[in-house]
Number of protein chains: 2
Amino acid sequence: MGIAERKGRERAEREQRIVAAARAIAEREGWGAVTIRRLAVEIEYSQPVLYSHFENRDAIVAAVAIEGFQELTVALREAASGLTGRGALKNVAVAYLAFALSHPALYDAMFTLPTDLRFAEVGTRAELRAGFEAIAAVVTPFCAEVEVATETFWAALHGLAELERSGRIRPSKRDERITLLVRAIVVAKRSG
Amino acid sequence: MGIAERKGRERAEREQRIVAAARAIAEREGWGAVTIRRLAVEIEYSQPVLYSHFENRDAIVAAVAIEGFQELTVALREAASGLTGRGALKNVAVAYLAFALSHPALYDAMFTLPTDLRFAEVGTRAELRAGFEAIAAVVTPFCAEVEVATETFWAALHGLAELERSGRIRPSKRDERITLLVRAIVVAKRSG
DNA sequence: ATTATGATCTAGCGGCGCTAGATTGTCAAG
DNA sequence: CTTGACAATCTAGCGCCGCTAGATCATAAT
């Protein structure tokens, strides 16, 4: 029964083409340009076909967001690999901001756009959790309350990314802010 | 010529009613429910009238955002008043998060929705700058590089607000994260 | 060859932001 | 008091959106 398998494969490929098209258009022209009609033209099928793959438009955004979480996790792990302590912390911070600022539409999908992403959902939890773990790994040496410290460090990075993205803080001072943040975490432990 | 003045006053009142309606609907049903048609019904005028007050829908969101920045500034100043040092810092942090979390739609308008808000614009700069100053005031005692430190502290608060709002970090641990953040800033100076 | 079944398409609903052009109200000049 | 200009406001509609019901087509079993 290779036929059914081929069909399943073709279906999966088509689904991937939808997600890829959505991501490409978003990164090039913003999420406002990502419409069902436009995606239908892009994959050369009619609009209803998209609804046999995704419940609605938000679900497509969510699919892109999951790609983003996977790639962010990889980027953070790479940034930390081979390093420990303060160096790892700083490298992760730099990598996080570089990721957010060089993939604005992807980061939008992950954090600022309304999606159906349930953080407590079984199937997706792993992907979303993995990035958190990568941050936790480099924070751990510096804190007793690892979860709280990781949440705080992550939030600081996210805030720095968002405010720089929207032009509210000076891009030229990014390194200095990172340095300050890393030092704050390091010494907080030393004296906590 | 009291007539022209009366007309101007009525116009200003109508404009204020538009902004108030937008804000009320957004806070009650989300920004997706804030449509030009809906606002027109609310103020009992036809849709084109709205365009004699605002260039487009985004400009209405921006007007709400400016109200938000003014109110946030007041809230932060109140939180800092009569306090100095570490106490002021902590109180401001608590007030910032309370503001963001208790006015989600307002905070959305200020930070996550696309608006025409130019941060370098003459007319609005004062309102947007004022909140920054309020934060800077409580950060100053702890840092040499005030601007960089303020940007970082603000970013951390913003990140904490966003991640908690979107259910990505645990609401129950908010106080602990604030405590950690404040300590980090205090000791960063002491050893910087 | 015929029929059932699933995949895909055509066509359309209601709603959106926004605007051109008609209509109404207002007030000064004749 | 009438008239005509001007501003305020409305009606009607364009092109787009997300989404879906029902028709049509291809495929594979009888």
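This is a short talk on a predicted model of two protein chains and two DNA strands.

Hi everyone, and thanks for coming. Please keep in mind that what we have on screen is a predicted model, and let's start with one chain by itself.

What does chain A consist of, in terms of helices and strands? There are nine helices and zero strands in it. If you walk along the sequence of chain A, the pattern you read is α-α-α-α-α-α-α-α-α. As for its dimensions, the C-alpha trace of chain A spans about 65 × 40 × 25 Å along its principal axes. Chain A has 192 residues, and 38% of them are buried. Now take the contacts in chain A with a separation of 6 or more: 66% of these join residues that are 24 or more positions apart.

Let's pick out one helix and do a little check together. Helix α5 of chain A runs over residues 85-102, which is 18 residues. At 1.5 Å a residue, the helix should span 26 Å, and its end C-alpha atoms are indeed 26 Å apart, so the two values agree. If you'd like to redo that sum at home, note that the expected span is 1.5 Å times one less than the number of residues.

Which residues of α5(A) are buried? They are L89(A), K90(A), N91(A), V92(A), A93(A), Y96(A), L97(A), F99(A) and A100(A).

Hold on to N91(A) from that list, and compare it with P114(A). P114(A) sits in the loop between α6 (104-111) and α7 (122-139) of chain A. Is P114(A) buried or exposed? P114(A) has 12 other C-beta atoms within 10 Å, and since a residue counts as exposed at 12 or fewer, P114(A) is exposed. In sequence, P114(A) and N91(A) are 23 residues apart, while in space their C-alpha atoms are 30 Å apart.

Now let's bring in the second chain. How are the two copies related? In general, two copies of a chain are related by a rotation about an axis and a shift along it. Here, a rotation of 180 degrees with 0.0 Å of shift along its axis superposes chain A on chain B, with an RMSD of 0.0 Å. The two copies are therefore related as by a two-fold rotation axis.

Where do the chains meet? Across the interface, 31 residues of chain A are in contact with 31 residues of chain B. On the chain A side, α8 (146-165) and α9 (174-190) each supply at least two residues. The largest share of that side comes from α8(A), with 13 residues. By class, the side of chain A that touches chain B has 16 nonpolar, seven polar and eight charged residues. And 100% of the interface residues of chain A are also interface residues in chain B, so the copies meet through the same surface.

A184(B) gives us a close-up of this meeting. This residue lies in helix α9 (residues 174-190) of chain B. A184(B) is buried, with 27 other C-beta atoms within 10 Å. Leaving aside residues up to four places away in sequence, A184(B) touches A184(A), I185(A) and A188(A).

On to the DNA, one strand at a time. Around DNA strand D there are 15 residues, and T35(A), I36(A), N56(A), R57(A) and S46(B) come nearest. The elements giving two or more residues to this surface are α2 (36-43) and α3 (47-51) of chain A, plus α3 (47-50) of chain B. By class, the surface near DNA strand D has seven nonpolar, five polar and three charged residues.

For DNA strand C, 15 residues surround the strand, and the closest are S46(A), T35(B), I36(B), N56(B) and R57(B). Here the elements giving two or more residues are α3 of chain A, together with α2 (36-43) and α3 of chain B. The residues of this surface divide into seven nonpolar, five polar and three charged.

One last stop, for those who like backbone angles. E44(A) is in the loop between α2 and α3 of chain A. Its phi is near 60 degrees, a positive value in a residue other than glycine. E44(A) is exposed, with 9 other C-beta atoms within 10 Å. In chain B, E44(B) is found in the loop between α2 and α3, and has a positive phi of about 60 degrees although it is not a glycine. E44(B) is exposed, with 9 other C-beta atoms within 10 Å.

That's my tour. Thanks for listening!

Notes. Residues numbered from 1 in each chain as written. Chains lettered and ligands numbered in written order. Predicted model: local features only at pLDDT ≥ 70, side-chain atom pairs only at ≥ 80, totals over all residues. Near = placed C-beta within 6 Å. Helix = DSSP H or I, 4+ residues; strand = E, 2+ residues; numbered from the N terminus. Nonpolar A, V, L, I, M, F, W, Y, C, P; charged D, E, K, R; others polar. Buried ≥ 20, exposed ≤ 12 C-beta atoms within 10 Å, placed from the backbone. Contact = placed C-beta atoms within 7 Å. Least-squares fit on C-alpha atoms with pLDDT ≥ 70 in both.
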